Amino acid sequence: MKKLKNEAELLKKALIIGEKYAVNRGYNAFSATNSAKDKVESLYRLLVNDKLIQPLAVDSEDQPNMKHKLALWIAKQLPEGHELLK
């Protein structure tokens, strides 16, 4: 797994956009008491369920890989030349 440039910022953006996507799909918004770990796993599983991202192999489904997948997903959604892609 090759680390992306600005991966932490991409993950933050993915959590924001992913939560908006989940709310539009009819899910409740995350509460302030939800941990980042829970948010990452929930959004990852929603995006896999909706076939927006390729699922990880069962033996590699862990937090770092899920975070990386979310960062890749949002990087592909951002317009070319976006500041996080530089």
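Me: Why are α2 and α3 called oblique to each other?
Reply: In this predicted model, α2 and α3 pack at an angle of about 60 degrees. An angle from 65 to 115 degrees would count as roughly perpendicular and one under 35 as roughly parallel, while angles over 145 count as roughly antiparallel and the rest as oblique. About 60 degrees falls in none of the named ranges, so α2 and α3 are oblique to each other. Their axes are 10 Å apart, and the crossing is left-handed.

Me: What makes the contact of α2 with α3, and how do its residues divide by class?
Reply: From α2 come K37, V40, E41, L43, Y44, R45 and L47, which meet Q63, M66, K67, K69, L70 and W73 of α3. Meeting here rests on heavy atoms within 4.5 Å. By class, the residues of this contact are seven nonpolar, one polar and five charged.

Me: Why is α1 called oblique to α2?
Reply: Helix α1 covers residues 7-24 and helix α2 covers residues 36-49, and the two pack at an angle of about 60 degrees with axes 10 Å apart. That value lies outside 65 to 115 degrees, is not under 35 and is not over 145, so α1 is oblique to α2. The crossing of α1 and α2 is left-handed.

Me: Which residues make that contact, and what are their classes?
Reply: On the α1 side they are L11, A14, L15, G18, E19, Y21 and A22, and on the α2 side K39, V40, L43, L46 and L47. The contact of α1 with α2 has nine nonpolar, one polar and two charged residues.

Me: Why are α1 and α3 called roughly perpendicular to each other?
Reply: Their axes cross at roughly 75 degrees and come within 8 Å. Roughly 75 lies in the range 65 to 115, so α1 and α3 are roughly perpendicular. E7, L10, L11, K13, A14, I17 and G18 of α1 make the contact with K67, H68, L70, A71, W73, I74 and A75 of α3. These residues divide into nine nonpolar, two polar and three charged.

Me: What makes a set of residues a nonpolar core, and how many residues has the largest one here?
Reply: The residues must be buried, of the nonpolar kinds counted, and joined through side-chain atoms within 4.5 Å. The largest such core has 20 residues, and L10, V40, L70, W73 and I74 have the most contacts inside it. Two or more residues each come from α1, α2 and α3 (63-77). α3 gives the most, with six residues. In soluble globular proteins, nonpolar side chains tend to be buried together.

Me: Which residues is L70 in contact with?
Reply: Apart from neighbours within four places in sequence, L70 is in contact with L11, A14, V40, L43, Y44 and L47.

Me: Where is K69, and what does K69 touch?
Reply: K69 is in helix α3. Residues up to four places away in sequence aside, K69 touches Y44, I53, Q54 and L56. K69 and L56 are 13 residues apart in sequence, and their C-alpha atoms are 8.4 Å apart.

Me: Where is A29, and which residues does A29 touch?
Reply: A29 is in the loop between α1 and α2. A29 touches E19 and V23, not counting residues up to four places away in sequence. From A29 to E61 the separation is 32 residues in sequence and 24 Å in space, C-alpha to C-alpha.

Conventions: Residues are numbered from 1 along each chain as its sequence is written. This is a predicted model: local features need pLDDT of at least 70, side-chain atom pairs count only at pLDDT 80 or more; totals for chains, interfaces and linings use all residues. Side-chain values use heavy atoms; hydrogens and water are left out. Axes are lines fitted to C-alpha atoms, for helices over the stretch in contact, and angles run from 0 to 180 degrees between N-to-C directions. Helices (H or I, at least four residues) and strands (E, at least two) are DSSP runs, numbered from the N terminus. A crossing is left-handed if the near helix is turned anticlockwise from the far one by less than a right angle, and right-handed if clockwise. Ala, Val, Leu, Ile, Met, Phe, Trp, Tyr, Cys and Pro count as nonpolar, Asp, Glu, Lys and Arg as charged, and the others, Gly among them, as polar. Buried means under 20% relative accessible area, exposed over 50%, partly exposed in between (1.4 Å probe, protein chains only).
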